[in-house]
Amino acid sequence: MRKLIQFKNIVKDFDGQLVLKGINLDIYENEFVTLLGPSGCGKTTLLRILGGFLNQTEGRVIFDNEEISHVPPYKREINTVFQKYALFPHMNVYDNIAFGLKIKKEPKDIIEQKVQRMLKLVNLEEYAKRNVTELSGGQQQRIAIARALVNEPMVLLLDEPLGALDLKLRKEMQHELKKIQQEVGITFIYVTHDQEEALTMSDKIVVMKDGEIQQIGSPTDIYNEPVNEFVAKFIGESNIIDGIMIDDYRVMFEDKIFDCVDYGFDKNEKIDVVIRPEDLDIVPRKDGKLKGIVRSVLFKGVHYETIVETKVGTSITVQMKVSDEKPVVNIEANEKMSANDFYLDVSDIEELTEATIVARADAQAWNPDTEELISIQKITYDIKPENGTYPVTFSTAAGTSVTINMIVKDENRVVNKEYQEEIFAVNFFKTVDELKESIALETDLKTWANASAWSLEDDTAVEITSIHYDFDPENIVSGTYTVTFATEGHEYMIDTTDKYEVGNEVGLMFQPQDIHIMKKG
Amino acid sequence: MKQSKKIGSKIYMTLIMIFFYLPIIYTIIFSFNSSRSLTKFEGFSLQWYEKMFHDSTMMESIFYTIVIALFATLISTIIGTITAIGLSKSNRILKGIVEQINDLPIMNPEIVTGIGLLMFFSALGVKKGFMTLLLAHIMFCIPYVILSVSPKLRSLDPNLADAALDLGATPWQALIKVIVPQIMPGIISGALIAFTMSFDDFIISYFVTGNGVNNISILVYTMSKRVNPSINALSSIIIVIITVVLLFVNIIPILKEKKERKNNET
Amino acid sequence: MRQFKNMAYPYMIWISIMIVVPMFMIFMYAFTKHGNDVATFWFTFDNFIRFFSDIIFINVLKQSLYIAVITTIICILLGYPVAYIIANSKEKNKVFLILLITLPTWINMLVRTYAWMGILQDNGILNNILSLFGLQTKLLHTDFAVILGMVYNFIPFMILQIHTSLTKMDKSLIEAASDLGADKIQCFLKIIFPLSLPGVISGITLVFLPAMSSFFIPKLLGGGQYVLIGNVIESQFLTAGNWNFGSAISLIIAVIIMISMYITKKIEVKNSTGKGGIIH
């Protein structure tokens, strides 16, 4: 096959924003190439540069052995199917398709012949005289394809052409597009953010992210051997686990060593392990290479998506001191007010705002008759960034006030070396009433304990997914209770045909060829 | 309760419509009066129409009004459309400045625009008359054309022009074959506004004209000092023409739609 | 398609000559002394001082403001119900009613104003009707006639602006308000009226501005002796020949109009944020 298009180090800069960061890509004759990536990855920009609607900031575009960077779009042997089709609304179907031929001043009978052939190709022979605005999305789509193909381009560019169609029509058009491409035998360059579309139609997929190419390869290559976490996650569902390459064909993850088919990594190199959900099987616990508990089961039509947890996440346990203190009553002003002591970490003091203090102390004032809340007018406090106890006074305009203590203590954090995670939470004080009245207890517990977790690698927040407590909020009495917060542990998604119950203890089975190793980063 | 409310609003609307149309009906009726009186209808006659057609200053003013309106409409529609297209591709700062200045003749009291042009023309030493009148009319018509074309350009699918280029059209062909047909409704309504603005203008024309070149508005203004029922005859003709044209413009799209719907059904 | 931006350049030259230069000349004349010579340019405030120190001009200005404000208020009071009724009528009738409102505006203003001269005459139709009730009075050449002429000429603009803002309104807001317990009157006061304010404001702009500067309506309906600020400017240019003074006066009304527009816009913002948070 012959190289038809070469992008050489294409850079595109929109007002100082780098949209393409040096793209090198070769496209061959008769290929169905898909540019795949999330929105904003630069795929449409690259397509528009090839179409001639944008000029690259740097680099060269070579088409059929000629540099075409300065050739205007109307002189390029390339045609485009635009997003939302861009059919000319003031022309009928026939005139839309004939537009390019009329511009080239082809003889009338030739135009007639070619347009009819195109209408046949897209199965719309009956619609020649129809107004394009009266057609359905799918029909407009076909007209747009016919309008481009009638000019016999060497390359057809398609910019998210199926984006405006509904799911069923989209599937039909995928097959039809592939069929048309095989029939006319020219290069199709297809832009989409839909991985499924890319996998079903393409000969070659180019995965892009942030203006850079991540991976180029056939659909099977990209699916089975993603080069990094981004590609693995973007193309289909997958389980990605931290691991270490012990030796060629030997990988360690979950503290166990497994055989695999990958090689060529450094000894003890940290890598990501990818296992596709359909490559995992659930087996009796004793037979499994990994053991875990079923956490959730979702029916997906043809199979069940089963989540198995093999290891719990990072967790921290704090104490909740429950008292049955009653609110302060101000009879003169007919106001009631309450607030509670709370713990703080030294590092929180710098960013401490009055709003945070009110929230952490749960300070509120209300009218006991109407239950309407009264705003807290004044907050007086004095705090130093060191351990100690600091009083805070909240007061309303009517003079009702409550004083509580902020207790600064720098402990209560747990670091999980293996997960590179840290979790933080503090002991807290509550009243019986507050617990009974909570309408979203888990969220409230998180707020009261100021619980949060984050990744030590990049400081991003990690969600606290499980909250465990051993009391019954409806019938709680004063005393001390424990609350445990934990992040998500190691979980595997498995496609199964059998239904497993949540809480089942199971084993996981896979073969050496099911393990794919990716470089970190 | 609801019924009485409906009747109330009907009565109110009727009164407002009487207020709106009283002078118009009055003008038409008294244009057929056999006497000079503007207060008493003394019998039917066409004498004021006859007088009007024989009054050379009146006929001249009708001629000037129509000629100026036609030229001003044609020129301002072309310049306005071209400018609107140019502006739609210009950068935001330039566009902002031009739009601001463009708004001046619309936002300024007409008398200010009028005296500004009066001083400008005499500073240049141009003799006031047909040319100054035409230039002034073009000047205040263009902003309305731009204002009515620009929104159409803004709502255009930006890919349409690209699609035309993609199919081999040069930028010029893309403009003529794709963009202009798409913004045609805006151009037509711009032209219509320009025509009536020019046709009806009094204040600006009053300041920039001279040497006996008058339009209908100026004629009415100068003749209003004496009773002259020919003005009523002239007014009636204008009223009838405008009404017919407006009904036409408003009814044609409705009829068209009906016809299309019928065609689709069969 | 970038090359099309060149198409805006000719007009840029045109507006610099035909709009910017005349505006600049008004400024220049307003701040110079009598004698229309560009070469002897002496900056002076004399024209403005003359205007503000002469009780006659001050009274004309007061009268013009009075007429313009009254006209604007009447246009809102009469026009709002019309716009409201049209906005709430059936789709079919709406087109017809809007046509009825706009049709007169397409007919020459002079022609329509001239007709009122006949109607308002001492022995005209209106007085004939009034005489049936024994109320015959002088109508033409009074404030009443001038205000009537202005309301007649400018009220369609007010109606159309309010109507547009009423029809553009999201109907679900009204449904939401009644869902939250507002009755019809509350709905109107708390939702419909505040949301239609932008229409009222642009209506005010379109009425106040020409009312403030009109000179043929006072001339035709107020009579030769009736003088508003527009008539003063007209006479300075066309009979007295004092362009400097005329320019100064037109600058003064331009400034007054700008200030009143600014105040109305301010009031609108205050109203809509103060009354419970419609943030634009």
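Is A:Glu172 buried, exposed or partly exposed, and what is its relative accessible area? I looked this up in the predicted model and found A:Glu172 partly exposed, at 38%.

**Entry 1: a pair within one helix**

I noted that the side chain of A:Glu172 meets that of A:Lys168 in a salt bridge, with N to O at 3.7 Å. I placed both residues in helix α5 (residues 167–184) of chain A, where they stand 4 residues apart, about one turn of the helix. For A:Lys168 I recorded 62% relative accessibility, so this residue counts as exposed.

**Entry 2: a pair between strands**

I next looked up A:Lys519, which forms a salt bridge with A:Glu269; the closest N and O atoms are 3.4 Å apart. Because A:Lys519 belongs to strand β36 (residues 516–519) and A:Glu269 to strand β14 (residues 269–275) of chain A, the pair ties together parts 250 residues apart in sequence. I found A:Glu269 buried, with a relative accessible area of 16%, whereas A:Lys519 is partly exposed at 47%. I also traced a network in which salt bridges with shared partners join A:Glu106, A:Lys114, A:Arg117 and A:Glu152.

**Entry 3: a pair at the start of chain A**

I recorded a salt bridge between the side chains of A:Glu29 and A:Arg2, at 3.0 Å from N to O. This pair links distant parts of the chain, 27 residues apart: A:Glu29 is in the loop between β2 (17–28) and β3 (32–36), and A:Arg2 is in the segment before β1 (3–14) of chain A. I noted A:Glu29 as partly exposed at 26% relative accessibility, and A:Arg2 as partly exposed with a relative accessible area of 35%. Over all chains, I entered a total of 25 salt bridges.

**Entry 4: the interface of chains A and B**

I turned to the interface, where 19 residues of chain B contact 23 residues of chain A. The two chains bury about 1800 Å² between them, with 62% of it on carbon and sulfur atoms. In chain B, I listed B:Asn159, B:Asp166 and B:Leu167 as losing the most area to chain A, together 36% of what that side buries.

How many salt bridges does the rule find across the interface of chain B and chain A? I found 1 salt bridge there. A:Arg48 forms a salt bridge with B:Asp162, the closest N and O atoms being 2.7 Å apart. I further entered 7 residue pairs in polar contact across this interface.

On the side of chain B that touches chain A, the elements giving two or more residues are α7 (159–166) and α8 (171–200). I noted that α7(B) supplies the largest share, 7 residues. I sorted the residues of that side into 9 nonpolar, 6 polar and 4 charged.

Key. Residues are numbered from 1 along each chain as its sequence is written. Chains are lettered from A and ligands numbered from 1 in the order in which they are written. This is a predicted model: local features need pLDDT of at least 70, side-chain atom pairs count only at pLDDT 80 or more; totals for chains, interfaces and linings use all residues. Side-chain values use heavy atoms; hydrogens and water are left out. A salt bridge is a side-chain nitrogen of Lys or Arg within 4 Å of a carboxyl oxygen of Asp or Glu. Buried means under 20% relative accessible area, exposed over 50%, partly exposed in between (1.4 Å probe, protein chains only). Contact means heavy atoms within 4.5 Å. Buried area is the accessible area (1.4 Å probe) that two parts lose on being put together, summed over both. A polar contact is a pair of N or O atoms within 3.5 Å; within protein, one must be able to donate a hydrogen and the other to accept it, and residues adjacent in sequence count only if both atoms are side-chain atoms. Ala, Val, Leu, Ile, Met, Phe, Trp, Tyr, Cys and Pro count as nonpolar, Asp, Glu, Lys and Arg as charged, and the others, Gly among them, as polar.
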